[in-house]
Amino acid sequence: MSSPIAAIDTDVLLTVNLIRTGRAITRQQLARMTGMSRNTISSLINTAIDAGLIAPDGSAPSTGGRAPATWRFRQEAGLVLAVGVHTSTLRLAVTDLAGQPVERRTLDWPITRGPEATLTRAAEELQDMTRRHEPPVWAAGVSLPGPINQETGRPSSPPIMPGWDDFDVVGTLEPALGVPVATGNDVNIMLLGYASTLPDQGRRESANILYLQVGTGIGVGIMSNGHLHLGAAGAAGDIGHVQVSGTDSVICRCGRTGCLEAVAGGWALLRDAHRAAVEGLSPHLKECLDRRGELTVEDIVTGVNAGDTECVTLMVRSATAVGDALAMVVSFFNPGRVVLAGPMPQGCPMFLDVIRRIVYERALSLATTDLEILPADSGLDDELRGCALLAVNSVFTAATA
Ligand SMILES: [Zn+2]
């Protein structure tokens, strides 16, 4: 499966990719990065302009003499299809080549329906969505809530995805969509999307970030000096199933006992929130359950913010377990920034306060002196941007290999 740019000359694409990623935006910088002459660069730039891939973008500050012209990647030159597979929803979007959404749809769709039904439905919706838009579709990016084998691009024993183990997601979607498809683990994709919003190139290139998602499950994306760290097989950062001390009797979805997410994950909170509602321990949760017949993590968040004691207890238990695990990871990795995504960290300032206190108390002071611990603005927007970037990065990698 090839993209619309596969037929374009490799040197042109290398030049365009340097401009796209912000690593070089003037003739001088491009010549320095590629080792090519300025005349060659000028000719590559003209070809890229004719192909609609780049456009003039003003000038850089002068360093004596005439200010050099700068170029920008035309992110409006094509479209990307983004698929976010979640526990109970399927999030679909058509975006530009930088992940800015053009159209989005969210379906109530349990992941337990399995890969074939899920991917067939995703392809049908995306085909319908792209019909109304002009630019060509370049590629698709798929975010999956489980470990992805780096060698095969397939889910590897995902604990919450029955039927998805080793399923050929790429081989199923590519013929249906007619474009190259790239897959990734959700939190790694969210981190990729988040990092692209950092304000300047220098900070993106030197970023040491942990992106911790506390959703239904718990996972960490790791960025070291601007590069995603996936590990030897792709399992790096999958901390949801590390053992938490003193919780040996709690059974996890993975079949083991005492896992972090069995104590602190969204599904574990809902299990205990349900019990608190039924046993009458929390008037707030009982009222939510009576009204809607089910509970969400957002109900616990509103309970915490309204001062419901049982909700506060659940939140503190989750934050303490996550904080303990994070303190260890911070000492080990020494990030400059930790970003927390999910309804609890994004909606509940107390959750972040508990985590900050534990991390600053436990981790080495050298590791925490300049450490920022921040909530994500929107984990879902980060995922969308990340899907598009993963897809477009793969297209450039394939076309310039
Ligand atoms: Zn587990």
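The following dialogue examines how terms such as salt bridge, buried and domain apply to this predicted model.

Student: What makes the pair Arg 121 and Glu 125 a salt bridge?

Tutor: The N to O distance between the two side chains is 3.0 Å. The criterion asks for a side-chain nitrogen of Lys or Arg within 4 Å of a carboxyl oxygen of Asp or Glu, so the pair qualifies. Both residues belong to helix 4 (residues 115-130), where, being four residues apart, they are separated by about one helical turn.

Student: Why are Arg 121 and Glu 125 put in separate accessibility classes?

Tutor: Buried means under 20% relative accessible area, and exposed means over 50%. Glu 125, at 12%, is therefore buried, whereas Arg 121, at 29%, counts as partly exposed.

Student: How do you know that Arg 154 and Asp 168 form a salt bridge?

Tutor: Their closest N and O atoms are 3.6 Å apart, and the limit is 4 Å, so this pair also meets the criterion. Arg 154 and Asp 168 both lie in the loop between strand 6 (137-144) and helix 5 (169-177), so the salt bridge ties together parts that are 14 residues apart in sequence. Arg 154 has 24% relative accessibility and Asp 168 has 30%; each is partly exposed.

Student: What makes Arg 385 and Asp 382 a salt bridge, and where do they lie?

Tutor: The closest N and O atoms of Arg 385 and Asp 382 are 2.9 Å apart, which lies within the 4 Å limit. The two residues are found in helix 16 (residues 379-400), three residues apart, or about one turn of the helix. Arg 385 and Asp 382 are both buried.

Student: Which residues are joined into one network by salt bridges that share partners?

Tutor: The network consists of Glu 103, Arg 105, Arg 121, Glu 125, Asp 128, Arg 131 and Arg 132. Over the whole structure, the search finds 23 salt bridges.

Student: Why is helix 6 described as largely enclosed by the rest of the structure?

Tutor: Helix 6 (residues 186-195) has ten residues, and ten of the ten are buried, so the description follows. Among them are Asp 186, Asn 188, Met 190 and Tyr 194.

Student: What makes the approach of Asn 185 to Val 187 fall inside the distance limit for a polar contact?

Tutor: At the start of helix 6, a side-chain oxygen of Asn 185 comes to within 3.2 Å of the backbone nitrogen of Val 187. The limit for a pair of N or O atoms is 3.5 Å, so the distance satisfies it.

Student: What is known of the interface between domain 1 and domain 2?

Tutor: The domain assignment gives domain 1 (10-73), domain 2 (77-194 + 381-400) and domain 3 (203-376). Nine residues of domain 1 are in contact with nine residues of domain 2, and the area buried between them is about 710 Å², with carbon and sulfur atoms giving 73%. On the side of domain 1, Leu 13, Arg 20 and Phe 73 lose the most area to domain 2, together 57% of what that side buries. The count of salt bridges between the two domains is zero, and one residue pair is found in polar contact across the interface. Helix 1 (residues 10-20) gives the most to the side of domain 1 that touches domain 2, with six residues. The residues of that side divide into five nonpolar, three polar and one charged.

Student: How do you know that Thr 130 is buried?

Tutor: Its relative accessible area is 18%, and the threshold is under 20%, so Thr 130 is buried. Thr 130 lies in helix 4 and, leaving aside neighbours within four places in sequence, is in contact with Leu 81, Val 94 and Val 137.

Student: Why are the phi values of Asp 166 and Asn 225 singled out?

Tutor: Most residues other than glycine have a negative phi. Phi of Asp 166 is near 60 degrees, a positive value in a residue other than glycine, and phi of Asn 225, likewise positive, is near 50 degrees.

Student: What makes Asp 166 and Asn 225 partly exposed?

Tutor: Asp 166 has 43% relative accessibility and Asn 225 has 46%. Partly exposed lies between under 20% and over 50%, so both residues fall into that class. Asp 166 is in the loop between strand 6 and helix 5, and Asn 225 is in the loop between strand 9 (218-224) and strand 10 (227-228).

Key: Residues are numbered from 1 along each chain as its sequence is written. This is a predicted model: local features need pLDDT of at least 70, side-chain atom pairs count only at pLDDT 80 or more; totals for chains, interfaces and linings use all residues. Side-chain values use heavy atoms; hydrogens and water are left out. Buried means under 20% relative accessible area, exposed over 50%, partly exposed in between (1.4 Å probe, protein chains only). A polar contact is a pair of N or O atoms within 3.5 Å; within protein, one must be able to donate a hydrogen and the other to accept it, and residues adjacent in sequence count only if both atoms are side-chain atoms. Domain bounds come from an automatic or database domain assignment. Contact means heavy atoms within 4.5 Å. Buried area is the accessible area (1.4 Å probe) that two parts lose on being put together, summed over both. Ala, Val, Leu, Ile, Met, Phe, Trp, Tyr, Cys and Pro count as nonpolar, Asp, Glu, Lys and Arg as charged, and the others, Gly among them, as polar.
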